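Work through the exercises below with the sequence and the coordinates at hand. Each task is followed by a solution in steps.

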Amino acid sequence: MPLIIAIDGPAASGKGTLAKRLADHYGLPHLDTGLLYRAVALTLIDAGLSLDDSAAASDAARGLDVDRLDDPRLRERAMGEAASRISAVPEVRAALLAWQRRFAADPQGAVLDGRDIGTVVCPYASVKLYITASSEERARRRHLELAGRGEAATFGAILADIEARDARDASRAAAPLRMAEDAVQLDTTELDPDAAFAEARGIVERARGAGEYVPASAPC
């Protein structure tokens, strides 16, 4: 049976790092679904179009060039904010849903992280994790990350951005950020990356031991 690991959580909670480490550990492909929304936003920006142009955003999502996922600009702070705005467009989410499910259809399984993986994209995932941390800790992490890349930003500004994104992601009409009922929550506020990985791997192993796999005939 395929091992599909769905990882959800707010910005800078550590879900991306955990997803990559779990994918490496189990030899599975990994998809940071947030990059899809960032790529759609970047497509609009490069074309000189407004992020509020829902029709253009929908067209960009339907014709998304996968090569854009390697663009280093997607990791910039501004792109996170832009992606959060784009992700509120129902037509964009619908266009990218099939893309994500095709990725998860790998015969061995896959690891996907985002904000609606366990609730919408892969409701039949073998394992569902909801990664969280305090907003202050998440802002601290993001501040260190940006500083390491030479991007100037104050802690206060980053904290405000994170809290605004949390509110927008949780309140949007299309696939709001929430923990799936059968997900296991992992709070990483007090955990370093190695400790968080050990906890996450333990959750996956317990699920595998209980035989909680995706039925071969079930849609992701």
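**Exercise 1. The strand β1**

How many of the residues of β1 are buried?

Solution. The model is a predicted one.
Step 1. Six of the six residues of β1 are buried, and the strand is mostly covered.
Step 2. Split the strand by face: Leu3, Ile5 and Ile7 lie on one side, and Ile4, Ala6 and Asp8 lie on the other. Both faces are covered, with these residues all buried.
Step 3. Burial here is a matter of relative accessible area, the cut-off being under 20%.

**Exercise 2. The sheet around β1**

State the order of the strands in the open sheet, and find which strands stand at the edges.

Solution. Step 1. Five strands form the open sheet in the order β2-β3-β1-β4-β5, and the pairing is parallel.
Step 2. The edge positions belong to β2 (30-32) and β5 (184-187); each has a single partner strand, so one side of each has no neighbour in the sheet.
Step 3. On average, neighbouring strands of this sheet are turned by 20° against each other, with direction ignored.

**Exercise 3. The partners of β1**

Give the bridges that join β1 to β3 and to β4, with examples of facing residues.

Solution. Step 1. With β3, strand β1 pairs in the parallel sense over six bridges. Here Asp8 has Gly114 of β3 as its bridge partner.
Step 2. With β4 (residues 127-132), strand β1 (residues 3-8) forms four bridges, also in the parallel sense.
Step 3. Towards β4, Ile5 stands opposite Val127, and Ala6 has Lys128 as its bridge partner.
Step 4. In general, strands of a sheet pair through backbone hydrogen bonds, in a parallel or an antiparallel way.

**Exercise 4. Helix α1 on the sheet and against α9**

Which strands does helix α1 lie across, and how does α1 pack against α9?

Solution. Step 1. Helix α1 (residues 15-26) lies across β1, β2, β3 (109-114), β4 and β5. The helix runs at about 170° to β1.
Step 2. The axes of α1 and α9 come within 10 Å and cross at roughly 55°. That angle makes α1 oblique to α9.
Step 3. The crossing of α1 and α9 is right-handed.
Step 4. From α1, the residues Leu18, Arg21, Leu22, His25 and Tyr26 take part in the contact. They meet Pro193, Asp194, Ala196, Phe197, Ala200, Arg201, Val204, Glu205 and Arg208 of α9.
Step 5. Sorted by class, the contact of α1 with α9 has eight nonpolar, one polar and five charged residues.

**Exercise 5. Ala196 in α9**

Describe the surroundings of Ala196.

Solution. Step 1. Ala196 belongs to helix α9 (residues 193-209).
Step 2. Its relative accessibility is 5%, so Ala196 counts as buried.
Step 3. With neighbours within four places in sequence left aside, Ala196 is in contact with Leu18, Leu186, Thr188 and Leu191.
Step 4. Thr17 is 179 residues away from Ala196 along the chain, yet their C-alpha atoms are separated by 9.5 Å.

**Exercise 6. Helices α2 and α5**

At what angle do α2 and α5 pack, and which residues meet?

Solution. Step 1. Two packed helices are described by the angle between their axes and the distance between the axes.
Step 2. For α2 (residues 34-46) and α5 (residues 90-104) the angle is about 130°, and the axes are 11 Å apart. This makes α2 oblique to α5.
Step 3. The crossing of α2 and α5 is right-handed.
Step 4. In α2, Leu36, Tyr37 and Val40 meet Val92, Arg93, Leu96, Trp99 and Gln100 of α5. The residues of this contact divide into six nonpolar, one polar and one charged.

**Exercise 7. Positive phi at alanine**

Where are Ala12 and Ala175 placed, and are they buried or exposed?

Solution. Step 1. Ala12 is in the loop between β1 and α1. Although not a glycine, Ala12 has a positive phi of about 60°.
Step 2. With 14% relative accessibility, Ala12 counts as buried.
Step 3. Ala175 is in the loop between α8 (155-171) and β5. Ala175, not a glycine either, has a positive phi of about 45°.
Step 4. With 17% relative accessibility, Ala175 counts as buried.

Definitions and conventions:
Residues numbered from 1 in each chain as written. Predicted model: local features only at pLDDT ≥ 70, side-chain atom pairs only at ≥ 80, totals over all residues. Heavy atoms only, no water. Pairing = 2+ DSSP bridges. Helix = DSSP H or I, 4+ residues; strand = E, 2+ residues; numbered from the N terminus. Axes fitted to C-alpha atoms, helices over the stretch in contact; angles between N-to-C directions. Contact = heavy atoms within 4.5 Å. Buried < 20%, exposed > 50% of the residue type's maximum accessible area, 1.4 Å probe, protein only. Parallel < 35°, antiparallel > 145°, perpendicular 65-115°, else oblique. Left-handed = near helix turned anticlockwise from the far one by under 90°. Nonpolar A, V, L, I, M, F, W, Y, C, P; charged D, E, K, R; others polar.
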